Number of protein chains: 2
Amino acid sequence: MDQAEARTRLLDAAERLFYERGIQAVGVDQIRTASGVSLKRLYQVFPSKSDLVLAYLQRRDTRWLASLTGYADARPAGDERILAVFDWLHAWFGEPDFRGCAFVNAFGELGATDPAAAEAVRAHKGALRDYLGGLLRLAGRPQSLLDPVFLLAEGAMTTAAITGSPEVALRARDAAAALLASAAPAAA
Amino acid sequence: MDQAEARTRLLDAAERLFYERGIQAVGVDQIRTASGVSLKRLYQVFPSKSDLVLAYLQRRDTRWLASLTGYADARPAGDERILAVFDWLHAWFGEPDFRGCAFVNAFGELGATDPAAAEAVRAHKGALRDYLGGLLRLAGRPQSLLDPVFLLAEGAMTTAAITGSPEVALRARDAAAALLASAAPAAA
DNA sequence: CTCGTCGGAGAGCGAACGTTCTCCGACACC
DNA sequence: GGTGTCGGAGAACGTTCGCTCTCCGACGAG
């Protein structure tokens with residue numbers, strides 16, 4: 001096993017365990033066991049647990065946004081693409097291991113004590129916000145709709161986590177559609 | 001110091017520390033030191049840390065909702081009272097020790113491992129939702145607006161925590177006002 | 001075969017955790 | 001004053017944490 005594969009296996013195990021049980025609740029030994037990577041190598045690749053946490057957040061940020069944009073960008077630009085974001089959320093919420101937004105969870109655990117993790121969370125939410133802003137622009141919609149749409153998506157994530165029911169994504173979608181409809185009709 | 005005062009002092013210290021730094025990050029000894037209550041009495045009142053955590057969540061639930069309803073119910077019933085919820089959020093977000101919704105934070109930390117804590121979070125969010133539903137009814141508004149308004153409030157809480165800026169409450173308020181305006185005019 | 005190098009397995013480290021126990025001084029009762 | 005009871009202070013317990021170290025077998029070079 002070379003270093004690159006060790007890194008992948010560590011991040012795979014870390015992502016599954018951190019997301020499923022929480023970051024502080026998972027020990028380094030559990031990640032070692034789950035990944036099959038020796039402790040020595042683990043500390044070569046990630047000199048401390050917080051480095052591993054940061055790498056976990058960064059890789060998840062990349063993959064999560066890629067999955068969302070891959071789904072939404074397949075729809076025609078315009079209102080439809082904006083609403084597709086909520087369809088994607090609905091599918092995500094329905095996954096059996098869904099446990100809310102990993103970044104919101106991480107912020108609640110570490111936001112007060114780990115500045116690097118807090119910054120990663122801010123960066124992730126900023127990227128999501130920017131993506132939604134781009135969708136609005138493509139749809140010919142004013143940026144004044146950005147906050148409402150973003151907040152509906154955020155609220156849907158935490159609510160779906162707590163209630164365990166994915167349908168809230170569809171209600172958020174309806175609300176977003178209503179806001180789009182109540183604004184001046186778009187050029188698209 | 002009698003048992004009742006010990007309980008109050010313990011909960012005061014626990015609430016401040018748990019909310020400020022996170023639950024798992026705060027040890028029982030720190031709560032003992034901050035409260036001035038002896039360890040022996042602490043374990044008489046709360047036989048385990050998870051009992052203390054639960055009491056913390058329950059007392060905060062009561063107080064938080066009482067503060068919100070006390071503020072909003074002072075406004076005339078109708079749309080104005082609904083929007084007052086966001087004004088209250090705005091004031092809360094601006095407090096110097098604001099660190100997001102204690103229940104969302106607790107759920108991220110403990111939701112997967114502490115069923116009693118998870119249930120307390122669900123109960124709290126259910127109570128907030130019910131309160132908003134009552135405000136809509138009083139305003140003569142359809143319950144179809146409940147999810148949008150609730151999700152805007154939820155989204156505002158997590159976003160304010162992560163970005164640190166209270167203004168998002170006002171944007172959520174604007175969005176709620178737009179949704180109310182786009183629906184059929186209320187009797188009130 | 002011999003030797004040197006490497007990485008894996010897991011024991012070991014000090015600190016911190018939640019929880020219990022020991023000690024001792026304060027105070028009520030006789 | 002002597003005695004019993006209580007609670008506070010904090011030492012101590014066993015476990016677990018993040019992290020380091022030791023040992024040993026595998027393997028390539030000569």
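**Stop 1: helix H4 of chain B**

Select helix H4 of chain B and look for its buried residues: they are Leu52(B), Val53(B), Tyr56(B), Leu57(B), Arg60(B) and Ala72(B). Keep in mind, as you look around, that this is a predicted model. To pick out the whole helix, choose residues 49–72 of chain B, 24 residues in all. From the first C-alpha to the last, H4(B) reaches 34 Å, close to the 34 Å expected at 1.5 Å a residue.

What covers those buried residues? Switch on helix H1 (3–21), helix H5 (79–93), helix H6 (102–110) and helix H7 (115–138) of chain B, which are included in the cover.

**Stop 2: Ala14(B), in helix H1**

Now click on Ala14(B), which sits in helix H1 of chain B. Is Ala14(B) buried or exposed? Ala14(B) counts as buried, because it has 26 C-beta neighbours inside 10 Å, and 20 or more are enough for that label.

Show its contacts next. Leaving aside neighbours within four places in sequence, Ala14(B) is in contact with Ile31(B), Leu52(B) and Tyr56(B). You have already met Leu52(B) and Tyr56(B) among the buried residues of H4(B). For a sense of distance, draw a line from the C-alpha of Ala14(B) to that of Pro76(B): the two are 62 residues apart in sequence and 36 Å apart in space.

**Stop 3: over to chain A**

Hide chain B for a moment and colour chain A by secondary structure. You will find nine helices and zero strands, so reading from the N terminus the elements run α-α-α-α-α-α-α-α-α. Along its principal axes, the C-alpha trace of chain A spans about 60 × 30 × 30 Å. Of the 188 residues in chain A, 42% are buried. Among the contacts in chain A with a separation of 6 or more, 65% join residues 24 or more positions apart.

Zoom in on Phe18(A), a residue of helix H1 of chain A. Why does Phe18(A) count as buried? The reason is that Phe18(A) has 24 C-beta neighbours inside 10 Å. Not counting residues up to four places away in sequence, Phe18(A) touches Ile23(A), Val26(A) and Tyr56(A). Ala74(A) lies 56 residues from Phe18(A) along the chain, and their C-alpha atoms are separated by 31 Å.

**Stop 4: helix H9 of chain A**

Move on to H9(A), which has 15 residues. H9(A) reaches 21 Å from its first C-alpha to its last, close to the 21 Å expected at 1.5 Å a residue. Its buried residues include Val168(A), Arg171(A), Arg173(A), Leu179(A) and Leu180(A).

Bring chain B back before you look at what covers them. The cover includes helix H5 (79–93) and H8 of chain A, together with helix H8 (146–163) and helix H9 (168–182) of chain B.

**Stop 5: where the two chains meet**

Select the contact between the chains: 36 residues come from chain A and 36 residues from chain B. On the chain A side, helices H1, H6, H7, H8 and H9 of chain A each give two or more residues. Which element gives the largest share of that side? H8(A) does, with 12 residues. Coloured by class, the chain A side shows 16 nonpolar, 11 polar and nine charged residues.

Try superposing the copies, too. A turn of 180° and a shift of 0.0 Å along the axis lay chain A on chain B with an RMSD of 0.0 Å. The two copies are therefore related as by a two-fold rotation axis. In chain A, the C-alpha nearest that axis belongs to Gly155(A), 1.9 Å from it. Both copies use the same surface, as 100% of the contact residues of chain A recur in chain B.

**Stop 6: the DNA strands**

Finish with the DNA. Select the 13 residues around strand D; the nearest are Gly27(A), Val28(A), Ser48(A), Lys49(A) and Ser38(B). Helix H2 (28–35) and helix H3 (39–45) of chain A, along with helix H3 (39–45) of chain B, each supply at least two residues of this surface. By class, the surface near strand D has five nonpolar, three polar and five charged residues.

Then turn to strand C, which is surrounded by 13 residues. Closest are Ser38(A), Arg41(A), Gly27(B), Ser48(B) and Lys49(B). Here H3 of chain A, plus helix H2 (28–35) and H3 of chain B, each supply at least two residues. The surface near strand C divides into five nonpolar, three polar and five charged residues.

How values were computed:
Residues are numbered from 1 along each chain as its sequence is written. Chains are lettered from A and ligands numbered from 1 in the order in which they are written. This is a predicted model: local features need pLDDT of at least 70, side-chain atom pairs count only at pLDDT 80 or more; totals for chains, interfaces and linings use all residues. A residue is near a molecule or strand if its C-beta atom, placed from the backbone, lies within 6 Å of it. Helices (H or I, at least four residues) and strands (E, at least two) are DSSP runs, numbered from the N terminus. Ala, Val, Leu, Ile, Met, Phe, Trp, Tyr, Cys and Pro count as nonpolar, Asp, Glu, Lys and Arg as charged, and the others, Gly among them, as polar. The expected span of a helix is 1.5 Å times one less than its number of residues. A residue is buried if 20 or more other C-beta atoms lie within 10 Å of its own, exposed if 12 or fewer, and partly exposed in between; C-beta atoms are placed from the backbone. Two residues are in contact if their C-beta atoms, placed from the backbone, lie within 7 Å. Copies are superposed by least squares on the C-alpha atoms of residues with pLDDT of at least 70 in both.
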